[in-house]
Each structure stands twice: as C-alpha cells, then as structure tokens.
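Biologist: Before I plan any bench work, I would like to go through this model with you step by step. Could you take my questions in turn?

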Amino acid sequence: PSYTYIENAEAADEMIALFSKLERRLFAKSEDRLTSLRANALFLDILYRLHKICGESSEAETVGPVGDPLHAAREYIIEHFSENCSLERIANEVNLSPNYLHTAFKEAFGETPYAYVTKKRIEKAKRLIAAGQASMLDIALETGFCSQSHFNKVFKSQTGMTPKEFRSSIVDIY
C-alpha cells in the first residue's frame, strides 16, 4: 500500500492524535452541522500537516530552467534509481560527459549522483521496511541493490542501524 513514513516521532504523534479526533467526530452519534464542520476542519488540518511533512522531503526544492541537464539528470535518478543507475548511464541520458556530470551535479545539489541514488534507494527501503510486507532480500532487490549483504552494509552506513534493527525500532514505536 501507499503510505507516508514520518521520521519525526513528535510529528507522527500529532498526526495520530488528529486522526483519532477525526475518527471520533466522524463516528459521533450527533449529526449536527457543527460536528460536521469540526470534522472538516480536522481533515483539512491533517491534509495541511501531511503536505508540510511531505513537502520537507519533496524533490521540488529547486527547479531549474527547462532543458537544464542537471535537473534532467536528477529527474532521471528519481525515476530510475532502483535500476542500473550508473554515472555513465545518467550522463548518456542527459548528453553530458560522466566527469562533467559528477562535478556539476555535486556543485549544483551538494552531493554526487551516486550519493543521490543511494539516498533515494535508502528512502524507499525505509518505506518498504515500515510497511512490513516484504523480506529484506525483496526490499534489497526492489530498491536496486545487487545483494542483501550490500543492501545491509549501505543501509547501516547511511542510517547507523541494520535494516532489521530499523524494522524493530519501528515496531517498538507502534
């Protein structure tokens, strides 16, 4: 299923409290207009907070001019990070040399294309782990890692914990 993973525990608690309030309003015995308006207000508050939370991690921070090859490279990564997303392949897609793409991408976005690919893979892996549906091997392969051991190593280097520890920490929270 599609869902939003909220890393900030305080924001997650606020959202849970708002959903609980909304549930009480929606299933209240009273059918008066004030109850309906309060439920609508709560729902709008939830949507606003979700937009704000998701907006903090969205890809819309910087928008380049139409035809900008660096932004095209970033868009290519966003769409294809779970595939073979090598520097050479990205450079070919945007008609730049690999060396120039590496240097210019880092200058424009503050990280190398490889670091950006890795970040996107780990973000998706976190969402899949939080969903609790798939095995670690399936998650590793779905996010573009060549093996589960490579996935474990990269995940730990990026988050400070193994995927299994990450899953356990989520279970402990809920």
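What follows is a set of questions and answers about the fold, two charged residues, a helix residue and a surface patch.

Biologist: How many helices and how many strands does the protein have?

Modeller: Please keep in mind that this is a predicted model. From the N terminus on, the elements run α-α-α-α-α-α-α-α-α, and the count is accordingly 9 helices and 0 strands.

Biologist: What percentage of the residues of the protein count as buried?

Modeller: The accessible surface of the protein comes to about 11300 Å², and carbon and sulfur atoms hold 54% of that area. As for the residues themselves, the protein has 174 of them, and the share that counts as buried is 30%.

Biologist: Which side chain makes a polar contact with the side chain of D68?

Modeller: D68 sits in the loop between α2 (33–56) and α3 (69–80). Although D68 is buried, it has no salt bridge, and the nearest side chain of opposite charge, R74, lies 9.1 Å away, whereas a salt bridge requires the charged atoms to be within 4 Å. The polar contact, at 2.5 Å, is made with the side chain of H71.

Biologist: Which residue offers the backbone oxygen that the side chain of R121 reaches?

Modeller: R121 belongs to helix α6, residues 113–131, and is buried without a salt bridge, the nearest side chain of opposite charge being that of E83 at 8.7 Å. Leaving aside residues up to four places away in sequence, R121 touches F81, S82, E83, C85, T143, G144 and F145. The backbone oxygen that the R121 side chain reaches, at 3.2 Å, belongs to T143.

Biologist: Is I170 buried or exposed?

Modeller: I170 is placed in helix α9, which covers residues 163–173, and its C-alpha atom is 9.6 Å from that of G132, a residue 38 positions apart along the chain. Buried means under 20% relative accessible area. Because the relative accessibility of I170 is 10%, this residue counts as buried.

Biologist: Which residues make the nonpolar surface patch of about 290 Å²?

Modeller: One of its members, F43, is placed in helix α2. With a relative accessibility of 41%, F43 counts as partly exposed, and residues of a patch must have over 30% relative accessible area. The patch is made by F43, L44 and L47.

Conventions. Residues numbered from 1 in each chain as written. Predicted model: local features only at pLDDT ≥ 70, side-chain atom pairs only at ≥ 80, totals over all residues. Heavy atoms only, no water. Helix = DSSP H or I, 4+ residues; strand = E, 2+ residues; numbered from the N terminus. Buried < 20%, exposed > 50% of the residue type's maximum accessible area, 1.4 Å probe, protein only. Lys, Arg positive; Asp, Glu negative; His and termini not counted. Polar contact = N/O pair within 3.5 Å; in protein donor to acceptor, adjacent residues only side chain to side chain. Areas by Shrake-Rupley, 256 points an atom, 1.4 Å probe, with all protein chains shown as cover. Contact = heavy atoms within 4.5 Å. Patch = residues over 30% accessible without salt bridge, like charges linked within 9 Å, V, L, I, M, F, W, Y side chains within 5 Å.
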